[in-house]
Amino acid sequence: MKRLDGKTIILAVTGSIAAYKAVEVARLFLKRGARVRPVMTASARKFLGPTTLSGITGEPVHADMWDSSIEGELHVTLARGADALVVVPATADRLAVFAQGRAEDLLGALALCVSCPVFVAPAMHPRMWAHAATQASVALLRSRGVAFLGPIHGQVASGDEGVGRMIDPEAVVEAVAEMLGSSQELAGRHVLVSAGPTVEDLDPVRFLTNRSSGKMGFAIAAQAARKGARVTLVAGPVNRATPANVERVNVRSALELQTELERILGPELRGADALIMAAAVADYRPASFSDTKIKKQGEGASLALVRNPDILAAIGARRTGPSPVLVGFALETGDEAAVTAYARGKVDAKKCDVIVANEASRALEGDSNTMYLVFASRDDAVGPISGSKDEVAAVIVSELAKLFERTPRP
Ligand SMILES: Cc1cc2nc3c(=O)[nH]c(=O)nc-3n(C[C@H](O)[C@H](O)[C@H](O)COP(=O)(O)O)c2cc1C
């Protein structure tokens, strides 16, 4: 059982019949050694008395952003000391509030203010959960890194059955402990991650790019930070929130990406302990950039392109020892044999430690991924490894920790 000693958890309760389950969640967090600071919405107080939560946690229940007995801004103060914001149960209304970024009450403001991981355990009637409006909120929140714990299929308060029932308190606590209580095995390491597409401008209004969403690289950056690494994320243009405890540098083109990575790594490649090249870097860019919009001429047109540098291969060629650990990505179409064979060629050509090989149709924009790991140090490929991009990122980061075992600590 992972302990949560020294961790501060904000347990936020919203207005569902399942609100009583928050009491058990609080008790289980305390049992694992966490400090629990309860927050309740106005509706939650219609279902559960604040006295129960304050009695169990030994902390005041915060419910009012305008509470004049508290010095400073309550939402800022609470957010500052939090290791996790856990919303149990989370109503459909609250998911919409979070998705829209509304800060009309304490919990809304708090959710905008925290930089710690946010977990929600939804509980609602199955039709509320299935509604397109709720699902749109869920998709948006997931894309911003909010962790959804449930809901599960089962009977809800009305007696109806379907997906909408809150997961058990034990499962909520276990999931949070799994993430927060994780070992800090990358402490003292600097991990450099590139993510997202590159954009190659042709003229002031046109450009060449690709469909990379940046999800994979952002998930890896978040996971490495959770494991205690200092993380720098160099990101192509994507509309994606920066994960907690990650320093972000925005770039546009492949050349800009190369400049930033080289700057951070330095001439002797000592600036980071690992480079994870999850960015989808354009192989080619327009041969020239026109300062003015290119006018149409005649019936056809052709575009002259020039090769972009192979950033990873250039770094691999310069590396003299095991550091920095180099992780590349290969996106291929074809079956398992084709994908892994291509990755093997890439490991050799780029002189990197491991290639994460993805099959293109599954990897580009979705939430999940199937991948193979092809290592320089072993002949067989590891995989297929399937799961959400967060789950796959966790596997990549734990493989990185193993690769670090043979590189000296800075
Ligand atoms: C008896 C009753 C039970 C409710 N149960 C739920 C529920 O389980 N899930 C939900 O999303 N909303 C439920 N609601 C509606 C929410 O309380 C309402 O949308 C409220 O605005 C939520 O506000 P909050 O998220 O700020 O707490 C319920 C309302 C009532 C009156």
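Against which strands and helices do the buried residues of H5 pack? In this predicted model, the buried residues of H5 pack against strand S3 (84-90), helix H6 (106-113), strand S4 (118-122), helix H7 (126-130) and helix H8 (132-143). The residues concerned are Ala92, Arg94, Leu95, Val97 and Phe98. A general point helps in reading such a list: an α-helix has 3.6 residues a turn, so residues three or four places apart point the same way. Just after H5, the chain reaches Gly101, which takes a positive phi of about 70°.

Helix H5 (residues 92-100) also has a part in the ligand site, where it supplies three residues, the largest share of the shell around the ligand. There are 15 residues around the ligand, and those that come nearest are Thr14, Gly15, Ser16, Thr41 and Thr91. Sorted by class, the shell around the ligand holds seven nonpolar, six polar and two charged residues.

Strand S3, one of the packing partners of the buried H5 residues, belongs to an open sheet of five strands. The order in this sheet is S2-S1-S3-S4-S5, and the pairing is parallel. Its edges are formed by strand S2 (35-40) and strand S5 (147-148), each of which pairs on one side only. Further in, four bridges link strand S1 (residues 8-13) to S3 in the parallel sense, and Ile10 stands opposite Leu85 in S3. For the reader following the backbone, strands of a sheet pair through backbone hydrogen bonds, either parallel or antiparallel. Strand S3 has another feature worth a look, as Pro89 lies in this strand and the peptide bond from Val88 to Pro89 is cis, with omega near -10°.

At the level of the whole protein, the domain assignment gives domain 1 (8-180) and domain 2 (190-404). The C-alpha centres of domain 1 and domain 2 are 35 Å apart. Contact between them involves six residues of domain 1 and five residues of domain 2. On the side of domain 1 that touches domain 2, the residues comprise three nonpolar, two polar and one charged.

Attention now turns to strand S11 (residues 230-235), which is mostly covered, with five of its six residues buried. Strand S8 (residues 190-195) pairs with S11 in the parallel sense over six bridges, and Ala195 has Ala235 in S11 as its bridge partner. S11 is also joined to strand S12 (residues 246-250) by five bridges, again with the two strands running parallel. Within that pairing, Val234 has Val249 in S12 as its bridge partner.

Strand S17 (residues 354-359) is likewise mostly covered, and six of its six residues are buried. In a regular strand the side chains alternate between the two faces of the sheet. In S17, Val354, Val356 and Asn358 point one way, whereas Ile355, Ala357 and Glu359 point the other way, and all are buried. Six bridges connect S17 to strand S16 (residues 325-332), and the two run parallel. One position to find in the structure is Phe329, which stands opposite Val356 in S17. Between these strands, the chain crosses from S16 through helix H13 (residues 336-350) to S17, in a β-α-β crossover that is right-handed.

A few backbone details complete the picture. Most residues other than glycine have a negative phi, and most peptide bonds are trans. Lys351 is found in the loop between H13 and S17, and its phi is near 55°, a positive value in a residue other than glycine. Lys351 counts as partly exposed because it has 17 C-beta neighbours inside 10 Å, whereas a buried residue would need 20 or more. Leu269, in the loop between helix H11 (254-265) and strand S13 (274-277), also has a positive phi, near 60°. With 17 other C-beta atoms within 10 Å, Leu269 is therefore partly exposed. Lastly, a cis peptide bond joins Gly383 and Pro384, with omega of about 5°, and Pro384 lies in strand S19 (residues 382-388).

Technical notes
Residues are numbered from 1 along each chain as its sequence is written. This is a predicted model: local features need pLDDT of at least 70, side-chain atom pairs count only at pLDDT 80 or more; totals for chains, interfaces and linings use all residues. A residue is near a molecule or strand if its C-beta atom, placed from the backbone, lies within 6 Å of it. Ala, Val, Leu, Ile, Met, Phe, Trp, Tyr, Cys and Pro count as nonpolar, Asp, Glu, Lys and Arg as charged, and the others, Gly among them, as polar. A residue is buried if 20 or more other C-beta atoms lie within 10 Å of its own, exposed if 12 or fewer, and partly exposed in between; C-beta atoms are placed from the backbone. Two residues are in contact if their C-beta atoms, placed from the backbone, lie within 7 Å. Domain bounds come from an automatic or database domain assignment. Two strands pair if DSSP finds at least two bridges between them. A crossover is right-handed if, with the strands pointing away from the viewer, the path from the first strand over the helix to the second runs clockwise.
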